[in-house]
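Me: Could you take a close look at the salt bridges in this model for me, and then follow them outward to where the two chains meet? I'd enjoy one connected walk through it.

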Amino acid sequence: MAVQPSPTILAATVAELRIHAPFDQMTESAISRLAANLTLRYFAEGSVIRSPEDGVVSTLSILQRGQVLGVNLSPSSSERPLTLVEGEMFPIGALISKRATVLTFSAATDVFCYELSESGFAELMEASPEFRNFATARLAHMLDLSRQHIQSVFSRNVSGAQTMASPLRSLIKRSPVTVTAATPICQVLAMMQGLKIGSVIVVGDSSTIPCGIFTERDVLARVALPQVDQSAPISKVMTVDPVALPSTATVFEAAKLMAERRFRHVLVTDEGQLVGLVSERDLFKMQRLSLGEIAKSIDRCADGVSLAKAADDVRQMAEALVGQGVAAEQLTQFVTTMNDAIVGKAIELAAIESPPPDINWCWIGLGSEGRMEQTLVTDQDNALVFAPAVSAGSTEIEALRAGFLAFATVANRLLDQAGFPFCRGDIMAKNPRWCLTQSEWRNLFEAWMRSPSSPALLNAAIFFDFRALHGKSELVTELRDWLRSVAPTQKLFLYQMAANALQVRPPLGLVRDFVDADDAYPGTIDLKKFGTRPFIDAARIFALANEVSATNTADRLRQAMRKMRVGDDEISAYIDSFHFVQLLRLRSNQRTADTDIAGRSALVAAQTEPDTEPNVHMANRIRTDALNDLDRRILKEALRQARKLQARVEMDFQA
Amino acid sequence: MAMEWLRHLFGNPVPLDDLQRSRLRAIESNIPLPSDLSGISLTQARWVAADVESSGLDVWNDQLIAIGAVVVTGTNVQLGESHEVVLKQTRISSQDNILIHRISGRDQQSGEDPVEALLTFLEFVGNSPLVGYHANFDRIMLERACKKYLGTPVEKVWLDLAALAPALVDTEHGSAKTRAVGRGHPLDWWLERYRIEVSARHNAAADALGTAQLLVILLSTAEKQGVANVEAVLECAKDYEWLRRR
């Protein structure tokens, strides 16, 4: 009976496979051949698909739908179960090395798997280099490679070889001048004059390990004005234990460190040994705006107008950094650090205009600000906590609140002027609902967790990412400690939160499934909704359930999932994927006219959209067909990781 | 000769040649008995999930246009062991009908010779039970076509998932025994329930693939309920059908 297999059935099978890597890369003939060799097998929930007892593996399984758990059942093992989701293949390692599996794979839900016989697998490895590469290289490596590629693309697009992503090593021009700690001050000054250098590094008397730094600026403040005896050793007037970074650290990291701590020099050391010195001036040459300059200009701001100017500098700087290929994690950190400084300054200015009551209080950042994940487009999300005396009655508390509200109204207004628009949901400290005492906050949080209605869940998603921004941070720490101890016991709340988080499913494929049917913007994907939110939501739930205080998504995933005994590789894959989507978002957030930068073509023409809030709507959308092939592949992989993370949420929080 | 004459009378346009006749005889001798089927465990059983497209919903007057089928063994859908064929039509079906199955007039006219198409399909089926959803429609359509082109209806064993599914699985109507039975749920209801995606509804082969996936889920359910062999599965569906008719 040599009937030809049904072309319709093979085409349907090919189309389903094509959603996933590496099948999306395979040639038509190889994948058609594969489809004809496949069977589609059903496993009822709970049944074992493959176990070590089956002996040498002779079948490749490709998960078509449902979830599979891989568990190491040997008593000595402490491995966490592995969750496999649609499109994943198993057990590849065992199949290639012709051994039994170590894990027992079972169906966590009803499962359909495509199955390929050993000979079919051999044929496929032979016929398709794409499949072979995929099967032999581990998945995580793909992301690594892609990231390197992105950086190299970025570097090519920036004039000159130097970028903020270059290693510090590349900035070091000559070996630094050192003196020993016992060298008299006058000798050091003469040397600086003679060599025309602005700084010297001080090393121990009998070693090359740096212990201090002395710069031109120190001469006036520490030597000349205090009239220090110039025969005294330099160690008396040097700055001790200067900040050092390894030579592999990026230029950006050095710049950020200088900006944060207001230093002008950073030592470069490898394993304690001095390699070089990088000054702010070295970095300054690279760009029109210096990080340190911005930080200082924020410090100097005396009113809302100058604050707005500084905030604009931050935005310009961030955009320049995106163009230079700085990684997403560092970028959002930079934006957050600078925004924190602006918020701090706005609050200081507000306190002058309308002084807050003279008791302990703290300004709270919420949402992305709380998570330290701000991108370029951001509005206000803040609140305030204050601590009245224990004896204070309700009249007294209301009087205090009125004082704080007046103060917060000024601060919110200043921030609005500085380019952080008012929150549309009115989640701001000037709103009496969000200007509360510690016990009021606790009662509110408790009420949300006790009866998790949808508005309560929505609020929790924003408020539970709270972070102290300015004022008495202990108040916020106490609130966090309390939440950390209470949240894990709120099972119903966690389940509801999980159910909420699972409502948005990242699409599987880019061509067929990327866009929902009722989408108002065909051909685009909302990177916030489908890309970053699944990671953020999952991280919050895991953190709350596992007594983790961190608010940053990467930190939460790292700390909580370690407690959940998830392997480091798996955690890194989630975090890398999250950062990749953030990077794409940052790139599409960019609004400068520079068209040289890779990925820019993916920008949707926001200006032409007849939407009332085109920027808010479109800023998180990219055209999938305008992404380059590699970005598209990584995005798919990143979205797959998001689904995998959701599967984990589903598994741990099934009601 | 009398046979040929009779065939003409029943509308067979072209008589079978010798080879076709011997193929038909082989097919007809390959119908399993119930006792054969009770000996086959569900893990070894071979089934053929099938679906047909026709010129309309009138089972007695409309024409068979296409057949799609895929083999299931145990709980495996054998994607490579599948079949689809369009039968050459003398009259093209209506525009509305074409919009349902999307087999164009040109495709209908350039289809396979019906005799060859039916013989090949029946050989593909072998002695396995055929499986359909609302299978009576598919069965009568096929038997009428066989009668017309091969001179005999070639009755095969059929399993109707529209009867097996509610017999095994509780639906919102209550338990399998007490639920009020009407015409039952449409195929789409079950496909959705089990998240079975069909690439092109009302394409015979794609629908057959969907039917096959529903079949393996139901077979696995049956096995759990102690229904252990092919004959018992067929009985289970028949009992439900009988209950429903009462």
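Reply: Let's begin with Glu373(A) and Arg371(A), whose side chains meet in a salt bridge at 2.9 Å, N to O. This is a predicted model, so please read each distance as a property of the prediction. Both partners are out of the solvent: Glu373(A) counts as buried at 5% relative accessibility, and Arg371(A) counts as buried at 10%. The pair also belongs to something wider.

Compare it with a pair inside a helix. Glu398(A) forms a salt bridge with Arg401(A), the closest N and O atoms being 2.9 Å apart. These two sit three residues apart in helix H15 (residues 394-417) of chain A, so about one helical turn separates them. Their surroundings are not alike: Glu398(A) is partly exposed at 42% relative accessibility, while Arg401(A) is buried at 7%. As for the wider group promised above, salt bridges that share partners join Arg371(A), Glu373(A), Asp465(A), Arg533(A), Asp537(A), Arg540(A) and Arg556(A) into one network.

Helix H8 (residues 216-224) of chain A offers another case, with Arg222(A) and Asp218(A) four residues apart and therefore separated by about one helical turn. The closest N and O atoms of Arg222(A) and Asp218(A) are 3.8 Å apart, and the pair is a salt bridge. With a cut-off of 4 Å for this kind of pair, that distance still qualifies. Here Arg222(A) is partly exposed, with a relative accessible area of 30%, whereas Asp218(A) is buried, with 10%. In general, side chains of opposite charge can pair when their charged atoms come close. Searching the whole structure gives 33 salt bridges over all chains.

Now to the place where the chains meet. Across the interface of chain A and chain B, the rule finds one salt bridge. Its partners are Arg195(B) and Glu86(A), with the closest N and O atoms 3.1 Å apart. Polar contacts add to the picture: the rule finds 10 residue pairs in polar contact across this interface, both residues being at pLDDT 80 or more. On the side of chain A that touches chain B, helix H1 (7-18), helix H2 (28-37), strand S1 (39-43), strand S3 (59-65) and strand S8 (111-117) each supply at least two residues. H1(A) gives the most to that side, with six residues. Sorted by class, the side of chain A that touches chain B has 15 nonpolar, seven polar and six charged residues.

In terms of extent, 28 residues of chain A are in contact with 28 residues of chain B. The two chains bury about 2200 Å² between them, and 57% of it is on carbon and sulfur atoms.

One residue worth a pause at this interface is Gln213(B), which is found in helix H10 of chain B. Leaving aside neighbours within four places in sequence, Gln213(B) is in contact with Leu40(A), Gln64(A), Arg65(A) and Phe112(A) from chain A, and with Val77(B) and Ile196(B) from chain B. Gln213(B) counts as buried, at 2% relative accessibility.

Next, the nonpolar interior. Of the 75 residues in the largest nonpolar core, Phe131(A), Trp47(B) and Leu159(B) touch the most other members. Helix H10 (residues 204-224) of chain B gives the most to this core, with 11 residues. Apart from it lies another core, of 57 residues, including Leu436(A), Phe463(A), Val476(A) and Met564(A). Nonpolar side chains tend to be buried together in soluble globular proteins. Phe131(A) has a good list of neighbours: not counting residues up to four places away in sequence, Phe131(A) touches Pro22(A), Phe23(A), Met26(A), Leu60(A), Met89(A), Phe121(A), Leu124(A) and Met125(A).

For contrast, look at Ile352(A) in helix H13 (residues 328-353) of chain A. Ile352(A) is exposed, with a relative accessible area of 65%. Ile352(A) and Phe407(A) are 55 residues apart in sequence and 9.1 Å apart in space, C-alpha to C-alpha.

Finally, a few totals for chain B. Its secondary structure comes to 11 helices and five strands. Of the 246 residues in chain B, 54% are buried. Among contacts in chain B with a separation of 6 or more, residues 24 or more positions apart account for 70%.

Notes: Residues numbered from 1 in each chain as written. Chains lettered and ligands numbered in written order. Heavy atoms only, no water. Core = buried A, V, L, I, M, F, W, Y, C linked by side-chain atoms within 4.5 Å. Buried < 20%, exposed > 50% of the residue type's maximum accessible area, 1.4 Å probe, protein only. Contact = heavy atoms within 4.5 Å. Buried area = accessible area lost by both parts, 1.4 Å probe. Polar contact = N/O pair within 3.5 Å; in protein donor to acceptor, adjacent residues only side chain to side chain. Nonpolar A, V, L, I, M, F, W, Y, C, P; charged D, E, K, R; others polar.
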